Amino acid sequence: MNEKIHPEIKAVAQRFLNGEYLNNHGERHIKDVILRASQLIFPIKDSLTSYELFLLLMAIQMHDAGHIIKGRKEHAETVKKLINDVLGKNYQIAGLDSVEKKFIFHLIKAHSGKDDPIGIIDENATLFGEKVRMRMLAAILRLADELAEDSLRASTYLLETDHEVINEKSRIFHKYSQALKSVSIECESHEIRFHFVLNDSDVRSAIEVRDCNKFLIDEVYDRTMKTWTEMIYYNRFVPEKIRMNRLSVKIEFLEENSLEDILPMVSYRLEESGYPKLTYDSVYDFDKEALYDANQPKNGQYFNDLLMKSHYE
């Protein structure tokens, strides 16, 4: 996979993406997903069978590989052909049975989409006398992939030097990854911690996204909301010991040259509290004390105005 598949994903996918420039989907991303999955399962590692770990690792290796067939569109579905090629008669890398390949395909297929892709998988399956907790494995893969979005995925050099390669429609994704400096999975407290660092240009400049302009911090709010949603979905299918109940976010603002703080740090937590609420529209619903100044939300325009005011004064 490292020699024949992962290096080709970004290059081939560009043909199908109408100018978008993917962040890293290669060997480095695979290692990061394996690391996040390992951190998630640490409290129950001894209860997973070697066979379950094998299937999970195979699914992680191949979860994005469908990009090289039809690009990003339906990449989880198109990986079926690749599974047959790489794990089947053409290469015989692993010599897997057709049912085993089907298991791996279902794990991969469930790593994206919003139509309850994990819930439709058989909860417990048995293959060759081995019990396989398919929903749990699918949930681990899906959340581990969501958490593998830090600065290692960004094309930092191209962001800083070449605006023609990373065009506006892709720029926000790379900037988000570049700003995410640390992802910490704390199993004892059932907490995930994100640490972002935004520089002064991130605060000053909005980025064009789908025919509108968006500040990077507003993208951080939206993406952390998505991560929290993925956490809640993951929790349905895993044992209590490895559930994640809180997402803590810290955002620092640094001046690029002086490395001085230019604005007060923002910290907020996404967690359920009080009587259950059916819907949460945004991060502002979780922590109004941290994300409001008087009645004004601390959004991108707020920080832009605050920075401009501090420079003027």
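Helices H6 and H7 are oblique to each other in this predicted model, and their meeting is a good place to start a tour of the structure. The angle behind that description is roughly 45°, and the two axes come within 8 Å. Since angles from 65 to 115 degrees would count as roughly perpendicular and those under 35 as roughly parallel, the pair falls into the oblique class. H6 covers residues 98-109, while H7 covers residues 134-147. The crossing that H6 makes with H7 is right-handed.

The residues that bring these two helices together can be picked out by name. On the H6 side they are Phe103, His106, Leu107 and Ile108, and on the H7 side they are Met134, Leu137, Ala138 and Leu141. Sorted by class, this contact holds seven nonpolar residues and one polar residue, with no charged residues. Several spacings within such lists can be read with a simple rule in mind: an α-helix has 3.6 residues a turn, so residues three or four places apart point the same way.

H6 itself has 12 residues, and the distance from its first C-alpha to its last is 16 Å, close to the 16 Å expected at 1.5 Å a residue. Its buried residues are Glu100, Lys101, Phe103, Ile104, Phe105, Leu107 and Ile108. Phe103, Leu107 and Ile108 are thus named both among the buried residues of H6 and in its contact with H7.

H7 also meets a second helix, H3, which spans residues 50-62. Here the axes come within 10 Å and cross at roughly 40°, and H3 and H7 are therefore oblique to each other. This crossing, too, is right-handed. Glu52, Leu56, Ala59 and Ile60 of H3 touch Leu137, Ile140 and Leu141 of H7. By class, six of the residues in this contact are nonpolar, none is polar and one is charged. Leu137 and Leu141 of H7 appear in the contact with H3 as well as in the contact with H6.

The length of H3 agrees with expectation, because its 13 residues should span 18 Å at 1.5 Å a residue and its end C-alpha atoms are 19 Å apart. Buried residues in H3 are Tyr51, Glu52, Leu55, Leu56, Met58, Ala59, Ile60 and Met62.

These helices belong to a chain with 13 helices and 10 strands. Of its 313 residues, 50% are buried. Among contacts with a separation of 6 or more, 65% are between residues 24 or more positions apart.

Notes. Residues are numbered from 1 along each chain as its sequence is written. This is a predicted model: local features need pLDDT of at least 70, side-chain atom pairs count only at pLDDT 80 or more; totals for chains, interfaces and linings use all residues. Side-chain values use heavy atoms; hydrogens and water are left out. Axes are lines fitted to C-alpha atoms, for helices over the stretch in contact, and angles run from 0 to 180 degrees between N-to-C directions. Helices (H or I, at least four residues) and strands (E, at least two) are DSSP runs, numbered from the N terminus. Angles under 35 degrees count as roughly parallel, over 145 as roughly antiparallel, 65 to 115 as roughly perpendicular and the rest as oblique. A crossing is left-handed if the near helix is turned anticlockwise from the far one by less than a right angle, and right-handed if clockwise. Contact means heavy atoms within 4.5 Å. Ala, Val, Leu, Ile, Met, Phe, Trp, Tyr, Cys and Pro count as nonpolar, Asp, Glu, Lys and Arg as charged, and the others, Gly among them, as polar. The expected span of a helix is 1.5 Å times one less than its number of residues. Buried means under 20% relative accessible area, exposed over 50%, partly exposed in between (1.4 Å probe, protein chains only).
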